[in-house]
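Hello,

As promised, here is the structure for you to look through. My notes on what turned up follow right below it.

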Amino acid sequence: MSSLSNENAAGVTGRLPSLESERSFSCYRSLTFTQISLTAAIWTVLVGGMVPSAGNTLLAIIGYTCGAVLGMTPVLLGSALPSFRYGVDVIELSKAVLGVRGSALALAGFLVMSLGGAAVAFAMICRGIGMMPAHAGRIGIAASEQSVVFVGCITLVLMYVLLRRGLDTVQRINNIVGPIFVLFITASLLLLLWKCGLRTLVLTNVPAGQALTHDPRRAFIYALEFGATVSLSWYPYLGGMYRTVKHRRHTVGPCMIGGVLVGGGLTVVVSAMAAVQFGTADPAIWFIQLTGPIIGSVVVSIVLLVSISAIGMTVYLAAVGAQQINVLARMPWSWLLALMLVPLPLAVVNTSWVLAHVMTIATFGGLIFFGLSGVMVVDFWILRRQFIALEHLFVADNSGCYWFWGGVNWVAIAVIAASSAIYLRIYDPITLRSADAFQFFGAVLPVVVGSGALYYVLAKLIVIPSGRGGYHACRIRSAGEGIARVGL
Amino acid sequence: MENKPRCEVRPGGGALDRELVARLNELINQSESEPMQSLWPAVREIASWTVAAALIATVSLCCLCKG
């Protein structure tokens, strides 16, 4: 039925609702491997290196894993399942909560978080591979700076070619890359067990001076917070993937087993134990110390290279989300991709600036999704009872159900702003300083629950009685009264 | 019974908007498709994972976190 040209097919279908017949994730294994390759990337290894700083390695591992599962719950409920049902990504769905214009907030946060995170990861990969000959003593530092730029150019071209072909190609690559990554991580775990023994691995802690806390309870809560935050950072992405999932039976297992336990959990556990044993969170160093200089360098290069497909997936989803902007929606897919890739080479040129500033910006850009996830879960499951008038997501004037006040649901925006402020008051994600209230349940999980509860009360008191947001009218209008005038 | 279209292209809409309308009308009328079936089985599965994680966290806090 599609009237689109092949040129646009790969990207434009990203903004258009996906039909059941064209959904590409129809196999449990494929979706599991994609989840593994997305979560088991270089950034997870880095998070893993940070986890033992909670103060107690065993508690940190248990806490992180529990937090990752708990954090994935609102992601699946608020982003993945609604996207699976309606075939659109979470930014599109957020219009039902934030309003057709208010969803620009979610889009801005998504783009800042995606492109910022991708730029940081890309810079680290290029620097990691490019500096390897210098670490091995083969070339000088000045020459290796040139090799960093060279690696960056090659990687960028590879990524562009990969992404230009669309999600199917990325998915095929992920089917190869996912198992490779897990193989290396499992081999590292076996080597660690062989060299150190399980008891030493789980009972050795970071030096007292490097620990965030000496209170075991607080250490556990810190790790729980790390796990929940990492899972919640997938909120804007998972919808983009789930809109192409074909079967309901694949909606939970691949994500929890592949994404949270194998891809995320196993990688974090191995990295955490290695970081403690070798006294560094830098995977380039502990991989080499674990396996020796030659094998270690090869392994690090492969690990960095396989992370390219994960970055590619992030950029792909960012490009799909960016099509919410009218001008970008009409741009050819290849041009849009090129535009999305622009920040990446800039990151290679000045890596230290990127690490110092972009990471902070990306972290704060992602804050809105903590509050938004709670609001969207309550809105979709309780207030709207799983019903969204799909056609009205694409009505950009006051005849649509999701117009609220001038296209913006100010109540939801206020709840998200308040939840972000409360989160920052309890916990600073940059300095990792925490208030007393943090010791009970951390910061992010209470913020998700609290924002959902607050929105429920305010929606009942303000939004629904005002007749805005289509809470009553949408079902009737969608049932056949009136025809919606839609457009991208 | 023929399905009634529930949306149309807004004035001035182009080829992309026509594609959107075609897809929306097809999706809206596919009430029997798998994505439109009840999502509660998936919710039950999520709940089982969440309860398990919460239980492990609680037990760990009670047994392992005694300062």
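A good place to start is A:Val486, which stands opposite B:Val9 in strand E1 of chain B. Please keep in mind that this is a predicted model. The two residues belong to a pairing between the chains: strand E1 of chain A, residues 484-486, runs parallel to E1(B), and three bridges join them.

You may like to look at each chain by itself next. Chain A has 25 helices and one strand. Its C-alpha trace spans about 70 × 55 × 40 Å along the principal axes. The radius of gyration of chain A is 23 Å, which agrees with the value near 23 Å that a compact globule of 488 residues would have.

Chain B has two helices and one strand, and from the N terminus on these elements follow the order β-α-α. For its 67 residues the globule rule gives 11 Å, but the radius of gyration of chain B is 23 Å, well over that value, so chain B is more spread out than a compact globule. The C-alpha trace of chain B spans about 70 × 30 × 10 Å along its principal axes.

Now to the place where the chains meet. How many residues does the contact take from each chain? The contact takes 57 residues from chain A and 45 residues from chain B. About 4800 Å² is buried between the two chains, and carbon and sulfur atoms give 68% of that area. Within the area that chain B buries against chain A, 16% is supplied by B:Arg23, B:Leu39 and B:Trp49, more than by any other three residues.

B:Arg23 turns up again in the polar part of the interface: its side chain and that of A:Glu22 form a salt bridge, with 2.4 Å from N to O. In total, two salt bridges are found across the interface, and 14 residue pairs are in polar contact between the chains.

Which elements of chain B supply at least two residues each to the side that touches chain A? They are strand E1 (7-9), helix H1 (15-28) and helix H2 (40-64). H2(B) gives the largest share of that side, with 15 residues. Sorted by class, the side of chain B that touches chain A has 27 nonpolar, eleven charged and seven polar residues.

If you want one spot to begin with on screen, try the salt bridge of B:Arg23 and A:Glu22, then go on to the paired strands, E1 of chain A and E1(B).

Enjoy exploring, and best wishes!

Conventions:
Residues numbered from 1 in each chain as written. Chains lettered and ligands numbered in written order. Predicted model: local features only at pLDDT ≥ 70, side-chain atom pairs only at ≥ 80, totals over all residues. Heavy atoms only, no water. Contact = heavy atoms within 4.5 Å. Buried area = accessible area lost by both parts, 1.4 Å probe. Salt bridge = Lys/Arg side-chain N within 4 Å of Asp/Glu carboxyl O. Polar contact = N/O pair within 3.5 Å; in protein donor to acceptor, adjacent residues only side chain to side chain. Helix = DSSP H or I, 4+ residues; strand = E, 2+ residues; numbered from the N terminus. Nonpolar A, V, L, I, M, F, W, Y, C, P; charged D, E, K, R; others polar. Pairing = 2+ DSSP bridges. Rg over C-alpha atoms; globule rule 2.2 N^0.38 Å.
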